[in-house]
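Trainee: I would like to learn how to read contacts and bonds in a model like this one. Can we go through it feature by feature?

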Amino acid sequence: MTGTKSAPDPCRAVTLQSVNKSFGVGETFIKVLKDITLDIKCGELLLLVGPSGCGKTTLLSVLAGILDVDDGVVDVFGSRLDQFSQSKKTDFRRNSIGFIFQQYNLIPTLTATENVAVPLIVNKKPYDKALVKAREYLELVGLGDRADHFPSQLSGGQQQRVAIARALVGEPRLIVCDEPTAALDGETGKLVMEMFRKVALSPERAIVVVTHDNRIFGYGDRIAEMLDGRIIDVRENPEHL
Amino acid sequence: MIRIAMKMLMGDRAKYFTLVGGLSIVVFLFIQQGSVFCGLIGRTAKPVEAIGAPIWVVDKNLQVVDEFKGLLDTDLTRVRSVEGVKWAVPLFIRQVTVRLSNGKFQAVRLVGIDNATMVGRPPKILEGRIEDLNAPDAVIIGKAEMERLGNPKIGDTFEINDRRARVVGIADVPRDFLSNPYVYATFDRAVQYTPRERKLMNYILAAPKDGYTMAQVLANIRKTTDLAAYDEDGMRWLTMNYYMKNTGIPVNIGISLFLVFLVGMAIIGQTFYAFALQNEKYFGALKAMGTSSFTLVKMIVIQSLVVGVIGYGIGVGMGTMIGFLAGPNAKLAFYTPYQLIYISFIVTILICLLSSILSIQRVLRLEPAVVFRG
Ligand SMILES: Nc1ncnc2c1ncn2[C@@H]1O[C@H](COP(=O)(O)OP(=O)(O)OP(=O)(O)O)[C@@H](O)[C@H]1O
Ligand SMILES: [Mg+2]
């Protein structure tokens, strides 16, 4: 497609073309995304960085199909989200998107395993089967021994790993993370990012991580920098070439 | 999702117990107030049940069994000659005053039953024999409220209108609304205990002949005598309706029930709402992860229904336990008809569903995009 210099990629995860997004009307009207054009490839971990209020979370929400755009093309694995109805977007999110939040958002009354199983259960997988698969993913993030712990019994880093397992368990093709390390100390943050690269990244999948945290910039394949609603720079990370 | 909804609900013990406990108390109060109402109203008809006759023939203007509207001897003869009437006997029920041996006075319900047939006699004799009622001055008294007569024993005497009455038996008679003791005597004797009047009897008890339906016989009596005639149930309802219309009981209990409903709504609604607010974050995350609004609403409704059913079970259990502990002949008027059990179930479910409406509204309005906001 247009806007990128690289040769046509057999797998393009996300294509954004001239995307605009504004909030409010009249006095409160503000334009948050201005003419955003961006491609995200399969198998890459893209970092979205920039100062507070520049529109990172808004862009991430658009990619994930939880915010509508004013105009422009939002294509995620061939699905034109900008043309989808709300219920189609709900189905799309259920099948194709993994979410990781700054505040983990684990349900406090569910154990680690049950929390991980939630996306499967939402997808109507039988409860017991969902739990079995959830345990496998907990093992994958190194928390096999914490399967029956409640979120309140886990450290922040452990909770975020549970959240990673939850984002992965449904085998979504796109994983979106908003400030996944902001609530963690430096070392734990790095551990979480290592885990992203090790267990989450795969050739059919793309990961988008919004972050402020320059300590983790090294974990991205590419870094897209935003300023005031625009993408001002996309640079490759030589470490991962 | 239902399992998850249940875990979300029951995981928060404090809120869960508040919800179930609050609802149990509401249901309990509802059953309790309702049963007191049914018990009180039911008691107004107890005299009818205690007499126990298939057909009651009464003055056309009679409104309630406790009222005295005399009939003539000729009325009795006319009823006896109505087509389909097997037998008809006179009955006499009046409130009279008894002078006790300690000089105190007590109102009693004097029942004068037909000398020969003893139709209308007490349902069950506990002490003594019904035949002894034919002895001079003989009366049989009901056990309920007997303490008001100073707990007399067989052989004891008291005065009714300056005439001697001697206790020859004690009968099992249900407590009634007026809470006056029952005193049974033969018809002739009962007449002597009351001031002289032209009209002596106030009821004619009758039965239908074989081959005639109750409805036919009642219609025949009404048509040919210009008196009113009821079957036992009709007589009971005549009385109960009178008390419902002419006393403050329905209004008072109605207000109580309404208050219980409001308090229930307030407690359950508020706790549910707090519960929903607290879970909004997670509902938002679930929505982002692709849970449909319909599924979330279903989760909330199921949560509220589970609380409803459990709270209802406990509340009904506690409510009916009172009636059970008190027993059928207790001072406490308490009767729980099955309709009340149904109604309180509907009320419970109503409370729960109404309380969850606010939460449902919030979840429907919830933007999945809020999940990324701190
Ligand atoms: N629902 C909304 N209604 C109105 N304005 C909004 C809404 N969501 C975001 N904005 C505005 O859009 C702008 C971009 O917000 P966004 O959350 O995308 O920024 P961000 O880059 O993620 O910032 P931060 O790094 O602080 O998280 C901000 O000015 C914000 O106030
Ligand atoms: Mg943000």
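Mentor: Start with charge pairs, and keep in mind that this is a predicted model. Side chains of opposite charge can pair when their charged atoms come close. Here B:Lys7 forms a salt bridge with A:Glu114, and their closest N and O atoms lie 2.3 Å apart.

Trainee: How many salt bridges are there between chain A and chain B?

Mentor: The count between these two chains is one. Polar contacts are counted as well: six residue pairs, both members at pLDDT 80 or more, are in polar contact between chain A and chain B.

Trainee: Which elements of chain A give two or more residues to the side that touches chain B?

Mentor: They are α1 (56-63), α2 (86-96), β6 (97-100), α3 (112-122), α4 (127-140) and β7 (174-178) of chain A. Of these, α3(A) gives the most, with five residues.

Trainee: How do the residues on that side of chain A divide by type?

Mentor: There are 16 nonpolar, six polar and six charged residues. In total the contact takes 28 residues from chain A and 22 residues from chain B. The area buried between the two chains is about 2300 Å², with carbon and sulfur atoms giving 70% of it.

Trainee: Now the cysteines. How many disulfides does a search of the whole structure find?

Mentor: A disulfide is a covalent bond between the sulfur atoms of two cysteines. The search finds one over all chains. It joins A:Cys11 to A:Cys42, with an S to S distance of 1.4 Å. The pair links distant parts of the chain, 31 residues apart: A:Cys11 is in the segment before β1 (12-23) of chain A, and A:Cys42 is in the loop between β2 (30-41) and β3 (45-49) of chain A.

Trainee: Is A:Cys42 buried or exposed?

Mentor: A:Cys42 counts as buried because its relative accessible area is 14%, and the cut-off for buried is under 20%.

Trainee: Which cysteine sulfur is nearest to that of A:Cys177?

Mentor: The nearest is that of A:Cys42, 16 Å away, and A:Cys177 is in no disulfide. A:Cys177 has 0% relative accessibility and so counts as buried. B:Cys352 is also at 0% and counts as buried.

Trainee: Back to charge pairs. How many salt bridges does the structure hold over all chains?

Mentor: It holds 30. Three pairs in chain B serve as worked cases. B:Lys69 forms a salt bridge with B:Glu67, the closest N and O atoms being 2.9 Å apart. B:Lys69 is partly exposed at 25% relative accessible area, whereas B:Glu67 is buried at 19%.

Trainee: What is the N to O distance between B:Arg129 and B:Glu131?

Mentor: Their side chains meet in a salt bridge at 4.0 Å. B:Arg129 is partly exposed, with a relative accessible area of 48%, and B:Glu131 counts as partly exposed at 46%.

Trainee: And the third case?

Mentor: B:Arg148 forms a salt bridge with B:Glu145, with closest N and O atoms 3.0 Å apart. B:Arg148 counts as partly exposed at 33% relative accessibility, while B:Glu145 is buried at 3%.

Trainee: Which residues do salt bridges that share partners join into one network?

Mentor: The network joins B:Lys46, B:Glu49, B:Asp233 and B:Arg236.

Methods. Residues numbered from 1 in each chain as written. Chains lettered and ligands numbered in written order. Heavy atoms only, no water. Contact = heavy atoms within 4.5 Å. Buried area = accessible area lost by both parts, 1.4 Å probe. Polar contact = N/O pair within 3.5 Å; in protein donor to acceptor, adjacent residues only side chain to side chain. Helix = DSSP H or I, 4+ residues; strand = E, 2+ residues; numbered from the N terminus. Nonpolar A, V, L, I, M, F, W, Y, C, P; charged D, E, K, R; others polar. Disulfide = S-S within 2.5 Å. Buried < 20%, exposed > 50% of the residue type's maximum accessible area, 1.4 Å probe, protein only.
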